[in-house]
Structures are given as C-alpha cells and as structure tokens.
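Colleague: I have a model in front of me and would like to go through it with you. Please keep the answers short.

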Amino acid sequence: MRDTARYAELFRTESRELLAEMDGALLALERAPVRAHVTTLFRGMHTIKGMAAAMGYDPVERVANALESRCEPLRAGEEPLNAAVISLLFDGTDVLRQCIEAVESGATEITAHVHRMIERLAVSLDGQAPAAPVVSEVPVAASLLGLPLPAAPDAASPDEREVAVRLTADCPLKGVRAMLVLAKLQRLGSIGTVTPPQPSWQDDGFEGAFTVTITSSTSEAQLEAAARSAGDVARVAVSAVLASGQRRLSAAVTRTVRIDARRLDALLELAGELVITRDRLLRTVEGPDYAVDSALVRVAHDTARLVRALQDEVLQARMLPVAQVFDRFPRLVRDIARELGKNVEFLTEGREIELDRSLLEAIGDPIMHLLRNALDHGFEDAATRRQTGKPVMGQLILRAVRDRASVVIQVQDDGRGIDRAAVLRKAHEHGLVTPTVHELTDAHLLEVVSHPGLSTTREVTSISGRGVGVDVVNTRVRALGGVIELETIAGEGTVFTMRLPVTLAIARALLVQVGDETYAIPAVHVIEAVDFDAHAQRLVGERRGITVRDEFVPLVPLSMRFREGRRRSLGEESLEPFFGEYVAIVESSGRRAALLVDALVAQQDIVVKPFDSVRGAAPWFSGATVLGDGSPALIVDVSSVV
C-alpha cells in the first residue's frame, strides 16, 4: 500500500482551490452559457478525479467521475443547459466537497448519501430526469436548440507546448508527485500526450522524469510556475511546438516554491526578535554613557539596515491577494439569496490587493457575517424594490482598496438601509443611550448595533436574528488592530468599512509617555506632534480643544482617558480643563484629535503582539509590544480615543 499520508494536506489544498474554481464556473453558467465555463468545470472534475485515484481516495474519485461524465455532454454541446442540470451540478459539487473534507478524518467508505448522488448523476445522464425550465437570466437560444455553447469572448488563441519535468532525486512517491504536477498543468489547458504514460508512474522504475504536451493560451512562464508549484520539482523546460514539429525552448522565468506556512510564521517571529535586538543595539551605541567607537557604530548601523531589509523581505513573502478569501463568497451569497428568495448580483472589486497571510485568514468570518446581514436585513424583496422604483436585482459589493499603510475592506448593498428609529428604540430599551438622545449619527449607530445581543429582527432564522453579527465583526476587527465604520442612508443602502493594517507583525509607531507608562501610537494615524500651550485651549460647545492651522481639534488627555472605563451612555463628555506637555495630532476615519501626553519618547518600528482584552473592559488598546529595553508597552487604538 502506498504511503500517501504525507501528501494528504497537499491533496486537500489543491482540491479546495479547484472546488472554488468550479463554484465560480457554475455561478457564471447561471448567468451565461459560455463554453469556457463548462470547460473549467469539466477540467476541475477531471483533475480531482486523477488526484484522488493517485491517492487512493475512492469516494472522491467515484463522485468526481460521475460529475465528469454528467458534464461531458454539456462540454460537447450535445445537451442544452437548463436550471435542473445546473442545480444538479451544484448538489454534486457539494457532495464532492464533503467527500474531500471527510478524507481528513480518514473516511474511506462510500456512504449512502454519496451513493444516492452518484445514482442521481447517472439517472440524469440517461435522460430520465424530469425536464425543467431553462435558467431565465441566460440567453437561451443556443441551449433550447441544443447548439454548441459559444466560445468565451476575448480568449487568447491556444498554442501547443511541450513541458519536460524532472523531479528532485530525493522526492518520495514520485508517481504521486508527478500526478500533482499534471493536475497543476491541467488547470491551464488541455493535456495531450504524456510520456511515459501515467500508469507507468506507479512502477518502482519511474525516476520522476516525464514530458507532457498541453494546448493552452497561458504563457510559458505560467506553465513553468504551475509545474514547480507542486513542489519537489528540480527542472522544468517549456518549449513551443512549431508547425514543423520542432521545439523552441522558452526563456528563463521566475522560480517559485511551495513553503509550509509555519516556516513563514517562524521567520516572522525571528525577524521581530531581530527588530527588538536592533533597537537595543542602536540605543546602546547611541546612548550618552557609551564610549564612542566609530567602527562599532558603523557596524551597528549596517546591521540595522540589513535587519530592516530582511524584515521587508519576510513581510513581502507573507503577502497574499485578498482574492483567496473573496473567492469563498460568491457561492455563499448565491445559496443564501436563493434561500431567502431574493435576487442579488454579487460583485467583487480589488481582488489583487495584498494582505498579510495571518490577516487574510482572520477576515473571513467578519466578511461572512456582514454579507449574511446584508442579504437578510439589507435587501428588500422583489415586490418592495419594484414599488420603490429600484431594480428588482439588488447589488451587493465586496471591495478591497489600499489606503496608505492600511487596507480597506467594504461590504456595500443598495438595500433599505438601517432603520435608525428602530435601533434608537432598542437602544433606549437596553439603556445604551441617555433619554435625551433623539437621533443617532453613523458612529453612534455603529456603537449601538455592535452591542452584544441587540437585534431589531423579531424572528430568529438560520441566517441572522440573534444580535451577534456586527458584535462579532467589531470584536474581531479591533483584535486585528483595525477599525470598523458604518454609513447608511434610508432607502439607498448601507456600507460597512473595515480598515485593517497591511500586516499584524511590525509597524511604525510614536512612543509617548503618560505618567510612568510608555504607550505606542501607530504612526499611520499620527499627523504631527507639537508642544502644548495650556493657555491656548478653548471651549467649543461642550468640548475643549486647540486650534491647529485654523481648525478646531478636540483635546483628549490620555492620562484621564485611560483611567476611565467605557462610558455608560452616549453624550457624556468631560468639561474639565486639561494640562500636559505635548500633543500628538492624530486622525482616524476622518476624525481628528489632539492626544495630550507627558513626553515624546521616540519614533521606531515595533513588533505587534496580540492583545485580548476582557469583555466589557475599556477599548483603548489594540495590541502590545516589547520595547528595546525589554519593557512592555500597550498600543493605543486611535479610533477609540478620538
């Protein structure tokens, strides 16, 4: 028996990526019967089948084979595309996903549920399934007539290429690894001749060298990168097959390797420790008590420069496009919208924007909660939208945008907006606002709807109604060192905005002293730091502040703010005069404040450590760090204090 346990995680990772592509192809087929979408679907099924066969995962192979067989007439243009077929393929893909996930628990038996799906696919293929109406959103002329599906628009003309691969000499299970390389290539085109044939890859004499011909419109660099991404690949040579049968060798391309994420985490930890040690070294050689040795000072500064370069490279290696998270949600939105009986068009923007891997893994749940809330609470039914003059099809947008040293993630809908009056009534019932508050601003509205357990929905459903959605989002985003904002207009829609740091690991900060403690203020929020003149403060309305270049900026004395607990209700502000030595002018979400401190210590890079505060505690801090002298410091959450 082949020892394939070592490659189980690799199989699951590859399969999940393919399933995401298949979901995307099915969603696209609901909108337009384009041949390229069917080809993508078929290719994914075929690749998973091949990998499962190599790994010995019989349930996965059987379901993938049934799906592939059911999809073949669609690919060949021999069968019209209708709602029943698409629904069946969705169901079959779900069962395939369940089988793949079951691999992790060691399940190898074909359950009754899997048997029923295989039978459904086979019966449908035999033409015994009842007919169903054609998908309404699709141009149906070709489908009804049984004509071949139109080719994808603007597709590049495919070329035939030969890809020669040699695995590393110490690669174990060379046959399995070769199958994974082939699976990577199949995602980019149509496979032709394989030399030596695939069955011989399982022989003991297979040395890991093979050649594949592939018809694909992708570049030679992409083909080589795909082959190398399977791991344990020593050499890849791509050549174009010319009309005369000759081969033209490709130029050298960028090399890529697959690395265990834990190694990147370890590198990041070490880089962080180096940053702390670098700061201690510089503090030592630049301190007043140090006997100056010019050579040692130069070495210290060279070391600091190299540490910064290493830090930048490690952080860059951890960056991944948000598409890896965004691609999870089209299928989720489609299923929930159908369950709720709502017509929703889901769009994604800025999929190429990059985030640190750890942040990328953490933002999935907050995005999911916001999407579910938008679908359940935000969108009206079709009749209501028609009566109010809106398009029957609602629009839900998931967007990523770079903003200086942060990334903005937005969930925007064109639904009914949040009912401020209903929220205000609930806020009064729960004692979240004073009786004198008769209107909620967007900021106050967010604070109220983020309260645990608060919900304006009368019925609890499988989608929402328990009052935990926005609370979970707010808690998670704050734990990541980010902030969440809300904009809503009655009858027009709602936008939730999450502002996140690009990385959680290392950030630039202004160190300030308040009393006997040192705090770090993220430099991305700091506009300037100046001396404070106590006589220059003035009272505007109920707030004290100073004038900075003809602009009134509210004063926030951190010594007093950190002694406060969370304010019990909205509308309570201190009217006491403030005293201090310096102010740091900061900005967050369009709001400015002058943070009053006792001393400005330094501006430097800090290593951000997670900070989990007790529920109900004051929300003034988003993390912690260790300073160059070994002492700890809390990182100020600027959005909470302005």
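**The five-stranded sheet**

Colleague: In what order do the strands of the open sheet with mixed pairing run?
Modeller: This is a predicted model. Its open sheet has five strands, and their pairing is mixed. The order is S7-S9-S10-S12-S11.

Colleague: Which strands stand at the edges of that sheet?
Modeller: An edge strand here has a single partner strand, so one side of it is left without a neighbour in the sheet. That applies to residues 344-349 and to residues 483-489. The edge strands are therefore S7 and S11.

Colleague: By what angle are neighbouring strands of this sheet turned against each other on average?
Modeller: The direction of the strands is ignored for this value. The average is 15°.

Colleague: How many bridges join S11 to S12, and which residue stands opposite Gly493?
Modeller: S12 covers residues 493-501 and runs antiparallel to S11. Seven bridges join the two strands. Opposite Gly493 in S12 stands Ile489.

Colleague: Which helix lies across S7 and S9?
Modeller: Strand S9 spans residues 394-403. The helix across S7 and S9 is made of residues 329-340 and runs at about 165° to S7. It is H12.

**Cysteines and burial**

Colleague: How many disulfides does the structure hold, and are Cys71 and Cys99 buried or exposed?
Modeller: The count of disulfides is zero. Buried means under 20% relative accessible area. Cys71 has 0% and therefore counts as buried. Cys99, at 8%, is also buried.

Colleague: What share of the residues in the chain is buried?
Modeller: The chain has 642 residues. Its accessible surface comes to about 31800 Å², with 52% belonging to carbon and sulfur atoms. The buried share of the residues is 46%.

**Confidence**

Colleague: Which element has the lowest mean pLDDT, and which the highest?
Modeller: The chain averages a pLDDT of 79, and 83% of the residues score at least 70. Among the elements, residues 141-145 form the helix with the lowest mean, 30, while the highest mean is 92. The lowest is H6 and the highest S7.

Colleague: Where does pLDDT stay under 50?
Modeller: One such stretch has 51 contacts beyond four places in sequence in the model, and another has 20. Where pLDDT is low, the predicted coordinates should not be read in detail. The stretches are residues 128-156 and residues 566-573.

Key: Residues are numbered from 1 along each chain as its sequence is written. This is a predicted model: local features need pLDDT of at least 70, side-chain atom pairs count only at pLDDT 80 or more; totals for chains, interfaces and linings use all residues. Side-chain values use heavy atoms; hydrogens and water are left out. Two strands pair if DSSP finds at least two bridges between them. Helices (H or I, at least four residues) and strands (E, at least two) are DSSP runs, numbered from the N terminus. Axes are lines fitted to C-alpha atoms, for helices over the stretch in contact, and angles run from 0 to 180 degrees between N-to-C directions. Contact means heavy atoms within 4.5 Å. A disulfide is a pair of cysteine sulfur atoms within 2.5 Å. Buried means under 20% relative accessible area, exposed over 50%, partly exposed in between (1.4 Å probe, protein chains only). pLDDT is the predictor's confidence in each residue, from 0 to 100. Accessible areas come from the Shrake-Rupley method with a 1.4 Å probe; for residues, only the protein chains shown count as cover.
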